[in-house]
Amino acid sequence: MNAIAQPSLARWLAAAALCGATLGAAAEPGGNATREISPRRARTLYTLHCSGCHLPDGSGSPAHGVPSMRGALGHFPATLAGRAFLVQAPGARNSSISDAELAALTNWQLREFAPGTLPADFKPYTAEEVARFRAAPPLDVAAARAAIVAGFPAPGDTR
């Protein structure tokens, strides 16, 4: 490795270690946070764990199988199956973040990317709920998502 690359690599490794320490600081041994997770932290979790595929603005790449989170995401919590699916999708369920972090991240995504389609009676996800949903993933993710989306209102439908 040349002399120019070594300091850059060292800075990157130091930043990654600091980021990992910061992200894990609030977690207790059981995997749930011991304090409330701020919207800023939830945004950071999104950047680190979701934006690589769903892009920073949540638009995804539907042509490549990565759904957009913009707008339609708010329809998912209207049903129990949809609510569960958001934290059972492989990228969410298999991520290394705690149940509390995933709850905060999902709540942030819904408010950030789909406030207009979020049910009026939306109740934020909890760590306990996320743990239950994560423990029972669908066997066929694509079929589960398709069945849920089929029940969404048509564009312009005000139900």
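1. A good place to start is Arg134, where a polar atom of the side chain lies 3.1 Å from the backbone oxygen of Ile97. Please keep in mind while reading that this is a predicted model, and that the distances quoted in this note are therefore to be read as properties of that predicted model.

2. The side chain of Arg134 also makes a polar contact of 2.8 Å with the side chain of Asp99. Arg134 itself belongs to helix α7, which covers residues 127–134. When residues up to four places away in sequence are set aside, Arg134 touches Val87, Ala92, Arg93, Ser95, Ile97, Ser98, Asp99 and Leu102, a list in which both of the polar partners named above, Ile97 and Asp99, appear again.

3. Is Arg134 buried or exposed? Its relative accessibility is 13%, and because a residue under 20% is called buried, Arg134 counts as buried.

4. The next region to look at is the loop between α3 (51–54) and α4 (80–88), where Leu55 is placed. The phi angle of Leu55 is near 70°, which is a positive value in a residue other than glycine. With a relative accessibility of 33%, Leu55 counts as partly exposed.

5. Asp57 lies in the loop between α3 and α4 as well, and at 39% relative accessibility Asp57 counts as partly exposed. The side chain of Asp57 is joined to the side chain of Ser59 by a polar contact of 2.7 Å.

6. Which residues does Asp57 contact once its neighbours within four places in sequence are left aside? They are Arg70 and Phe113. A further distance concerns Ser68, which stands 11 residues from Asp57 along the chain, while the C-alpha atoms of Asp57 and Ser68 are separated by 9.1 Å.

7. Turning to the cysteines, a search of the whole structure finds zero disulfides. Cys50 is in no disulfide, and the nearest cysteine sulfur, which is that of Cys53, is 8.9 Å away. Seen from the other side, Cys53 is likewise in no disulfide, with the sulfur of Cys50 as its nearest cysteine sulfur at 8.9 Å. Why is this pair not counted as a disulfide? The two sulfur atoms would have to be within 2.5 Å, and they are 8.9 Å apart, so the pair does not qualify.

8. A last remark concerns the surroundings of Cys50, whose relative accessibility is 13%, so that Cys50 counts as buried.

Note on methods:
Residues are numbered from 1 along each chain as its sequence is written. This is a predicted model: local features need pLDDT of at least 70, side-chain atom pairs count only at pLDDT 80 or more; totals for chains, interfaces and linings use all residues. Side-chain values use heavy atoms; hydrogens and water are left out. Helices (H or I, at least four residues) and strands (E, at least two) are DSSP runs, numbered from the N terminus. Buried means under 20% relative accessible area, exposed over 50%, partly exposed in between (1.4 Å probe, protein chains only). Contact means heavy atoms within 4.5 Å. A polar contact is a pair of N or O atoms within 3.5 Å; within protein, one must be able to donate a hydrogen and the other to accept it, and residues adjacent in sequence count only if both atoms are side-chain atoms.
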